[in-house]
Structure formats: C-alpha cells, structure tokens
Amino acid sequence: MNTILLHDEDFISDNRVTLTGRRLQHVLEVHRAQIGDSLRLGKLGGLMGEGRVCSLTSERLELEVQLDQRPPAALPITLLLALPRPKMLKRVLQAVTSLGVKQIYLINSYRVEKSFWGSPLLQAEKLQEQLLLGLEQACDTILPQVHLKQLFKPFVEDELPRIISGSRAYVAHPVAASNCPTGIRESISLAIGPEGGFIPYEVEKLQACGFTPISLGRRILRVETAVPVLLSRLSAEQIMGK
Ligand code: SAM
C-alpha cells in the first residue's frame with residue numbers, strides 16, 4: 001500500500017479523516033507511523049496529497065489531510081481479456097490497474113472454462129477489492145471500469161465496433177505474422193486470449209472487426225506475463241507518464 005485511499009465515509013470534517021481496519025493495521029505495522037508523521041494518501045475518484053497523523057491508537061487513526069495533486073494520467077488502453085482462472089484474474093486486475101488501464105472487458109472465448117463465470121470474484125465488490133489493491137500500489141485514485149461480456153459473438157458484432165472506434169486495435173496471438181509494435185501514441189484496444197489461446201474463428205471475428213493480430217515471438221507467455229509485456233511495448237512512454 002503505497003498510498004492510502006480515502007472514502008467519503010472516512011471524512012469527519014473537510015480536512016480530517018479517521019481510519020480503522022485494514023488501512024489502520026497497515027499504518028501501524030508497515031509504516032509504523034507516529035503522531036506528526038506524514039502519509040501519502042488520495043481520495044477515491046479524486047485528488048491525492050498527504051495526511052498528518054493527529055492521533056493514533058490500536059483502534060483508530062486520525063489524520064489531517066491536504067489533497068491538492070491530480071492522480072497520474074490514465075493509460076489510453078482498453079483491455080479485452082478472455083476471462084482467466086480466478087487466481088490469475090486477481091493478479092492481472094491488480095497489475096493492469098497499477099499500470100493505469102481504466103477500461104477492462106472480461107470476455108468469453110471458446111477455451112474459457114464455463115465455471116470461471118460462476119466465480120465469486122466476479123461480484124462487483126470482490127472485483128473492486130482487487131482494483132483498490134492496484135490503485136494503492138501505484139498511487140492512483142481512479143478506479144477502472146470492469147465490464148463482463150459472457151457472449152463472444154454478439155459482443156464482437158454488436159458492441160465491439162463502437163468500443164474500439166478511434167483506437168488502434170490489436171489481438172495478441174503467438175502465431176501472428178506481425179510483431180507487437182512499440183511506442184504507439186494513439187489509443188489502443190488490446191485483446192488477450194485465454195490460457196488455451198483464441199480459436200481461429202475468434203481471431204477471424206476480431207480481425208473482421210478491425211483487430212490486427214500481433215505476436216511477442218515464439219515463447220508462449222502466461223496471460224499474467226504477456227499482459228504487462230504487451231502494455232509496456234505498446235505504451236511505455238505513457239506508462240512512464242511522458
Ligand atoms: N496455446 C495458446 C496459443 O498458442 O494461443 C497459448 C495461449 S497464452 C497462454 C494466453 C494468451 O496470452 C494468448 O492467447 C495471447 O493473447 C497471449 N500471449 C501469450 N504469449 C504470447 C506471444 N508470444 N505472443 C502474443 N501473445 C501471446
């Protein structure tokens with residue numbers, strides 16, 4: 001937790017908050033904060049800044065806060081991710097949130113196991129827990145939006161053209177003839193396959209919608225490895241905030 005995220009209900013006045021629970025434990029055990037110390041924090045959906053510790057017990061932390069900095073710029077990448085197994089989904093959600101992705105579509109694909117769609121992790125509040133961990137890691141305050149799309153064909157035919165409009169659209173596919181480009185300055189839409197990969201029909205449907213298949217080479221990477229490699233190749237400068 002590199003920044004403490006504040007929620008509306010934490011505020012006891014315009015510039016004072018009280019924290020309990022997980023965030024208090026973190027301040028006690030990791031920051032080992034003392035009265036007078038400053039902690040980095042941000043208001044969920046709003047500005048970032050600092051909080052000075054005014055009182056601290058094992059039950060409750062009170063901070064005087066000053067929020068005057070904008071969160072880092074969003075990464076202009078819309079991610080379409082064939083729904084991975086829950087353990088991997090947690091890691092990927094945290095990673096892409098910390099890299100600044102703000103639009104995430106979890107999509108179906110022939111090789112997505114049906115049971116994954118029944119995972120409790122897909123409940124809104126469970127998804128938000130993972131997104132918050134990504135924001136806390138990267139010192140950001142703006143939650144990504146996660147959309148669940150359980151039907152591949154109608155999604156690709158009816159919704160995807162509008163979603164990718166104005167962006168460069170790529171589908172990551174190990175056997176693609178083109179290498180993954182670097183340093184793209186425009187908005188990007190990026191589709192990532194399931195553990196077994198997209199089937200040819202799905203790649204064709206994405207191509208018909210405007211996606212170009214791109215490869216990272218002969219090494220087949222796990223989704224959790226492929227995603228940050230693809231994002232950093234495509235948008236390294238934006239990730240670095242330049
Ligand atoms: N056997 C599958 C195949 O050949 O497509 C492997 C799928 S891989 C574990 C899961 C997803 O990560 C792929 O569908 C692709 O989107 C992405 N990926 C992994 N390695 C890649 C590579 N070398 N080039 C492009 N994409 C890759």
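**Exercise 1. How many salt bridges does the rule find across the interface of domain 1 and domain 2, and which residues form one with R22?**

Step 1. Across the interface of domain 1 and domain 2, the rule turns up one salt bridge. The rule asks for a side-chain nitrogen of Lys or Arg within 4 Å of a carboxyl oxygen of Asp or Glu.

A word on what you're looking at: this is a predicted model, where local features need pLDDT of at least 70 and side-chain atom pairs count only at pLDDT 80 or more, while totals for chains, interfaces and linings use all residues. Residues are numbered from 1 along each chain as its sequence is written, and side-chain values use heavy atoms, with hydrogens and water left out.

Step 2. Now find R22: its salt-bridge partner is E136, and the closest N and O atoms are 2.6 Å apart.

Step 3. Check the domain bounds, which come from an automatic or database domain assignment. Domain 1 covers 4–69 and domain 2 covers 75–239.

**Exercise 2. Describe the rest of the contact between domain 1 and domain 2.**

Step 1. Start with polar contacts: three residue pairs between domain 1 and domain 2 qualify, both residues at pLDDT 80 or more. A polar contact here is a pair of N or O atoms within 3.5 Å; within protein, one must be able to donate a hydrogen and the other to accept it, and residues adjacent in sequence count only if both atoms are side-chain atoms.

Step 2. On the side of domain 1 that touches domain 2, strand β4 (residues 38–43) gives the most, with three residues. Strands (E, at least two residues) and helices (H or I, at least four) are DSSP runs, numbered from the N terminus.

Step 3. Count the contacts, meaning heavy atoms within 4.5 Å. Eleven residues of domain 1 touch ten residues of domain 2.

Step 4. Add the area: about 770 Å² is buried between the two domains, with carbon and sulfur atoms giving 67% of it. Buried area is the accessible area (1.4 Å probe) that two parts lose on being put together, summed over both.

Step 5. For the spacing, take the centres over C-alpha atoms: they lie 33 Å apart.

**Exercise 3. In what order do the strands of the six-strand sheet stand, and which strands are at the edges?**

Step 1. Walk across this open sheet and you get β1-β4-β5-β6-β3-β2, with mixed pairing. Two strands pair if DSSP finds at least two bridges between them.

Step 2. The edges belong to β1 (4–6) and β2 (11–13); each has a single partner strand, so one side of each is left without a neighbour in the sheet.

Step 3. Look at the twist: neighbouring strands are turned by 40 degrees against each other on average, direction ignored. Axes are lines fitted to C-alpha atoms, for helices over the stretch in contact, and angles run from 0 to 180 degrees between N-to-C directions.

Step 4. Go through some pairs. β4 and β5 run antiparallel and are joined by five bridges, with R40 partnered by E50 in β5. β5 and β6, also antiparallel, share eight bridges, and a hairpin of four residues connects them. Four bridges hold for the antiparallel pair β3 and β6, where R16 has E64 as its bridge partner in β6.

Step 5. Put the helix on: α1 (residues 21–31) packs on the sheet, touching β1, β3 (16–19), β4, β5 and β6, and its direction makes about 160 degrees with that of β1.

**Exercise 4. Which residue forms a salt bridge with R52, and where do the two sit?**

Step 1. R52 forms its salt bridge with E64, the closest N and O atoms being 3.5 Å apart.

Step 2. R52 sits in strand β5 (residues 48–56) and E64 in strand β6 (residues 61–69), twelve residues apart, so to speak linking distant parts of the chain.

Step 3. For the overall tally, searching the whole structure gives 14 salt bridges.

**Exercise 5. Now sort out the seven-strand sheet.**

Step 1. This open sheet runs β9-β8-β7-β12-β10-β13-β11, and the pairing is parallel.

Step 2. At its edges stand β9 (145–149) and β11 (178–179), each with a single partner strand, so one side of each is left without a neighbour in the sheet.

Step 3. Follow Y170. β10 (residues 168–172) pairs with β12 (residues 188–192) over five bridges, and in β12 the bridge partner of Y170 is L190. In β13, the bridge partner of Y170 is T212.
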